[in-house]
Amino acid sequence: MGKTLDIIDRQLELGDVKTITSNGGSIVKFIELLFSSTTKAQFALSDDKKTVEILVSDNNLEMPQLYCKMDKETLRNLILSLKNMHNQLLDEEGSV
């Protein structure tokens, strides 16, 4: 029998973003971002779909877990601010 697919062996690498979606990618169920070799952030809709739940954890247990909920307006403001910051970043050639 051929080699089986085992996604556990292929964990996130630094800076990777993992997104779990359904309905052809139109529904985002879960997002995970690896900040460092020990710290990751996870994002998911709350059960009532009124907030986004955020969990930042450290697998070395050197920092306490951060858990919070963010409402729709706050999430929108964060996304817009990150977009503006992204647009200010210089690309590798040095231009915006």
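How many salt bridges does the structure hold? Three, and here are my notes on them and on the pockets. Keep in mind that this is a predicted model.

1. Start with Lys18 and Glu32, whose side chains meet in a salt bridge at 3.4 Å, N to O. Lys18 sits in strand β1 (residues 17–22) and Glu32 in strand β2, so this pair ties together parts 14 residues apart in sequence.

2. Glu32 also forms a salt bridge with Lys40, with 3.6 Å between the closest N and O atoms. As for exposure, Glu32 is buried at 7% relative accessible area, while Lys18 is partly exposed at 33% and Lys40 partly exposed at 30%.

3. Then there's Glu53 with Lys69, a side-chain salt bridge at 3.7 Å, N to O. Glu53 belongs to strand β4 and Lys69 to strand β5, so the pair ties together parts 16 residues apart in sequence. Glu53 is partly exposed, at 24% relative accessibility. Back with the other bridges, shared partners join Lys18, Glu32 and Lys40 into one network.

4. On to the pockets. The largest has a volume of about 510 Å³ and a lining of 21 residues, with Ile31, Phe43, Val52, Leu75 and Ile79 nearest its centre. Two or more lining residues come from each of β2 (27–34), β3 (39–45), β4 (51–58), β5 (66–71) and α1 (72–88). By type, the lining has 15 nonpolar residues, one polar and five charged.

5. The second largest pocket comes in at about 150 Å³. Its lining includes Glu32 and Lys40, along with Gln11, Ser37 and Asn59 among others. Here the split is two nonpolar, six polar and three charged.

Conventions:
Residues numbered from 1 in each chain as written. Predicted model: local features only at pLDDT ≥ 70, side-chain atom pairs only at ≥ 80, totals over all residues. Heavy atoms only, no water. 1 Å grid on protein atoms, 1.4 Å probe; cavity = no way out; pocket = protein on both sides within 12 Å on 5 of 7 lines; lining within 4 Å. Points joined across faces, edges and corners; volume = space filled by probe spheres on them. Helix = DSSP H or I, 4+ residues; strand = E, 2+ residues; numbered from the N terminus. Nonpolar A, V, L, I, M, F, W, Y, C, P; charged D, E, K, R; others polar. Salt bridge = Lys/Arg side-chain N within 4 Å of Asp/Glu carboxyl O. Buried < 20%, exposed > 50% of the residue type's maximum accessible area, 1.4 Å probe, protein only.
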